[in-house]
Amino acid sequence: MNEPAQESGAQARHCTAIVLAAGEGTRMRSARPKVLHQIAGRSLLEHVLAATGAAGAERIAVVVGPDREDVAEAVARAVPDAAVFIQNERLGTAHAVLCARAAFESGADDIVVAFGDTPLVTAETFRRLREPLAAGAAVAVLGFEARDPSGYGRLVTYDGSLLAIREEKDATAEVQAIGLCNAGLMALRGDIALALLKAIGCENAQSEYYLTDVVELAVQRGERAAVVLADEDEVQGINDRIQLAAAERTFQAKRRREVMAGGATLIAPETVFFSHDTVVGRDVTIEPNVFFGPGVRIADGATVHAFSHFENAEIGPGAEVGPFARLRPGAKIGAKAKIGNFVEMKNAELGEGAKVNHLTYVGDATVGAKANIGAGTITCNYDGFAKFRTVIGEGAFVGSNSSLVAPVTIGAGAYVASGSVITEDVPDNSLAVARGRQANKEGWASARRNLQKQKKAG
Ligand code: UD1
Ligand code: MG
């Protein structure tokens, strides 16, 4: 199976990650804090927490703005033992890191500083960022060659070694011409970090405590600062919804390539949208225009036809789903089963080889192997107050346009006559007919027409 990239880093050095998430995010124009906006069905903050955790950080501290219980709660859900620190005044990135000093002052070999609004940095990159520290550097900075460097801090190097970072507002024209930029993420050697951070002042264009000043301070002390290069796409930060969409695009493009490299066919990859945790097996074919919400697994050999929408669902080996299928949370499609067009399933299991081919709602139900559910069948699972289950036995046949009023059981091998409203259990291998009996009145139509004609004639 082709799982999303999950790295497990067992490095000998102890690592604490500090995630800065005290951003105001005003340009999002949102009631929701910026770091809780989502990419591929997961918040920006959770992307960062997952990557730093996978890169080997044993301790994670998140710095949030005042009155941000929502962010603190999101952290607690994602990483229950993470520490949350509040930065009451936004005095700069170095000040923000110092707000979390309790997380590292008692000792950490490595301290990694990540930004909560820079969600695409991989665990592998965080691990690479730590490598120079093990080799003795005091600071390692994540750098990238910017297509357009404006707004970024510039990396001032000499003979390959990093001397300083200059924020654009403080940079001379000569420094502004440098294309090598600071992605913002940094790794600091724990034994020296606090001393460097405390030495940072705020005599600069923005009167802020710049984290970037640690580089120059370290170099002044005869320590080494290193640059680790990353791809610009990976370090893109998010300030508004346009950048949010751009980051989503980058994420999706990468995920599609991974899914195809894992042995799945995407006929029009640019129209298929994955969640951060979508698991796609080998020899799966996904037709155009398919959306995956979180928690979906597709086993080997399954086919997903066009225009389908899934969330927290499982599709078994060799199963076929869609076109226009909707699988909602708790839908489990058995091996070689078939779900056809305009079928919705929720909290329901479909046994091996079962078929639900057209225009059907299956909710809170268990459908046995090889059962066949006719077009227009509805499980009536809700009475306005509570939900009830429908159980359909193996090999049962439910005629088209039937309503199965739950709680109800259709026995194995039983038949339900088309158009029935089933309110009572149906025994195994029997036929249930629950509809008005047909009566043909011969000649009725012509008699009526004659009567109408006479009336009209006066
Ligand atoms: C920062 C870097 C810059 C780099 C750029 C990359 C500094 C001084 N500059 O600049 O070199 O090129 O990122 O995007 O670090 N934050 C707080 N509290 C604060 C200030 C910031 O939590 O007091 C958080 C923000 O929420 C954000 C991150 O730190 O997640 C970066 O802050 P931001 O103000 O965006 O820094 P930039 O000016 O972009
Ligand atoms: Mg920024």
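**Exercise 1. The interface between the domains**

Find how much area domain 1 and domain 2 bury between them in this predicted model, and which residues of domain 1 lose the most.

*Solution.* Start with the total: domain 1 and domain 2 bury about 600 Å² between them. Next, look at the atoms involved: 65% of that area is on carbon and sulfur atoms. Now turn to the side of domain 1, where Ile39, Ala40 and Leu120 lose the most area to domain 2. Together these residues account for 63% of what that side buries.

**Exercise 2. Who touches whom**

Work out where the two domains lie along the chain, and how many residues of each are in contact.

*Solution.* First place the domains: domain 1 covers 15-229 and domain 2 covers 248-432. Their centres, taken over C-alpha atoms, are 45 Å apart. Then count the contacts, using heavy atoms within 4.5 Å: eight residues of domain 1 meet nine residues of domain 2.

**Exercise 3. Polar pairs and salt bridges**

Count the salt bridges and the residue pairs in polar contact between domain 1 and domain 2.

*Solution.* Begin with the salt bridges: there are zero between domain 1 and domain 2. Continue with polar contacts, where four residue pairs across the interface qualify. Finally, sort the residues of domain 1 that touch domain 2: three are nonpolar, four polar and one charged.

**Exercise 4. Around ligand 1**

Identify the residues closest to ligand 1 and the backbone atoms that approach its oxygen atoms.

*Solution.* Ligand 1 is surrounded by 18 residues, and the closest are Gln87, Gly92, Gly153, Glu167 and Asn182. Now go through the backbone. A polar backbone atom of glycine 23 is 2.9 Å from an oxygen atom of ligand 1. For a backbone N or O atom of alanine 22, the distance to a ligand oxygen is 3.3 Å, and for leucine 91 it is 3.4 Å. To finish, consider the cover: ligand 1 alone exposes 740 Å², and the protein buries 84% of that.

Definitions and conventions: Residues numbered from 1 in each chain as written. Chains lettered and ligands numbered in written order. Predicted model: local features only at pLDDT ≥ 70, side-chain atom pairs only at ≥ 80, totals over all residues. Heavy atoms only, no water. Domains from an automatic or database assignment. Buried area = accessible area lost by both parts, 1.4 Å probe. Salt bridge = Lys/Arg side-chain N within 4 Å of Asp/Glu carboxyl O. Polar contact = N/O pair within 3.5 Å; in protein donor to acceptor, adjacent residues only side chain to side chain. Nonpolar A, V, L, I, M, F, W, Y, C, P; charged D, E, K, R; others polar. Near = heavy atom within 4 Å. Areas by Shrake-Rupley, 256 points an atom, 1.4 Å probe, with all protein chains shown as cover.
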